[in-house]
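Me: I'd like to go through the labels on this model and ask what stands behind each one. Can you set the values against the cut-offs for me?

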Amino acid sequence: ERVMDNYADIAAKLQARLTELTERVGEIEDDLRQPLDDDLEEQAVELEDDEALEGIDAVLRAEARQVRLALVRIENGTYGTCSQCGEPIPRARLEARPIATRCIKCAA
């Protein structure tokens with residue numbers, strides 16, 4: 001039996017999360033492209049907001065990257081194996097944290 005089949009449900013969740021992240025990144029980038037207001041005080045507020053949005057954008061992009069890597073691991077059969085000790089990662093941990101690459105012992 002292929003590893004991918006064992007994790008089809010998790011793969012589906014990861015794929016849905018990736019779609020959600022991609023949409024949110026797109027919305028943020030649309031916001032960041034808006035022209036600045038003519039009012040200088042308003043501009044200062046907008047620039048602060050943009051900075052906060054860029055921070056959120058970076059966090060979302062980092063998560064999207066981890067989700068993509070998890071999907072690749074499912075695809076190539078390495079998903080669910082601890083990258084540090086090589087032991088299987090318990091399914092409960094993978095369900096709670098589908099992007100986990102290490103077992104709880106190694107992650108601690």
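Reply: Sure, starting with accessibility: buried means under 20% relative accessible area, exposed over 50%, and partly exposed in between (1.4 Å probe, protein chains only). This is a predicted model, where local features need pLDDT of at least 70, side-chain atom pairs count only at pLDDT 80 or more, and totals for chains, interfaces and linings use all residues. Residues are numbered from 1 along each chain as its sequence is written, and side-chain values use heavy atoms, with hydrogens and water left out.

Me: Why is Glu-20 called partly exposed?

Reply: Its relative accessible area is 38%, and partly exposed is the range between the buried and exposed cut-offs, so the label fits Glu-20.

Me: What makes Arg-17 and Glu-20 a salt bridge?

Reply: The rule asks for a side-chain nitrogen of Lys or Arg within 4 Å of a carboxyl oxygen of Asp or Glu. The closest N and O atoms of Arg-17 and Glu-20 are 2.6 Å apart, so the pair qualifies. Both residues lie in helix H2 (residues 8-33), three residues apart, about one turn of the helix. Helices here are DSSP runs (H or I, at least four residues), numbered from the N terminus.

Me: Which other residue forms a salt bridge with Arg-17?

Reply: Glu-63 does, with 2.7 Å between the closest N and O atoms. Glu-63 lies in helix H3 and Arg-17 in helix H2, so this pair ties together parts that are 46 residues apart in sequence. Arg-17 and Glu-63 each come out partly exposed: Arg-17 has 23% relative accessibility, and Glu-63 has a relative accessible area of 23%.

Me: How do you know that Arg-91 and Glu-95 are paired?

Reply: Their side chains meet at 2.8 Å, N to O, so they satisfy the salt-bridge rule. Arg-91 and Glu-95 are four residues apart in helix H4 (residues 91-96), about one helical turn. Arg-91 is partly exposed at 31%, as is Glu-95 at 39%. Asp-9 is linked with Arg-91 and Glu-95 in a network of salt bridges. Over the whole structure, the search finds seven salt bridges.

Me: Why is Cys-85 not in a disulfide with Cys-82?

Reply: A disulfide is a pair of cysteine sulfur atoms within 2.5 Å. The sulfur of Cys-85 is 3.7 Å from that of Cys-82, its closest cysteine sulfur, so they're too far for a bond. Cys-106 is in no disulfide either, with the nearest cysteine sulfur, that of Cys-103, 3.7 Å away. By this rule, the count is zero disulfides.

Me: Are Cys-85 and Cys-106 buried or partly exposed?

Reply: Cys-85 is partly exposed, at 35%. Cys-106 has 15% relative accessibility, which is under the 20% cut-off, so it counts as buried.

Me: What makes Glu-51 exposed, and where does this residue sit?

Reply: Its relative accessibility is 59%, over the 50% cut-off, so exposed is the right label. Glu-51 sits in helix H3 (residues 40-76).

Me: And Leu-69, why is that one called partly exposed?

Reply: Leu-69 has a relative accessible area of 38%, so it lands in the range between the two cut-offs. Leu-69 is also found in helix H3. Its C-alpha atom is separated by 24 Å from that of Leu-53, 16 residues apart along the chain.

Note on methods. Helices (H or I, at least four residues) and strands (E, at least two) are DSSP runs, numbered from the N terminus.
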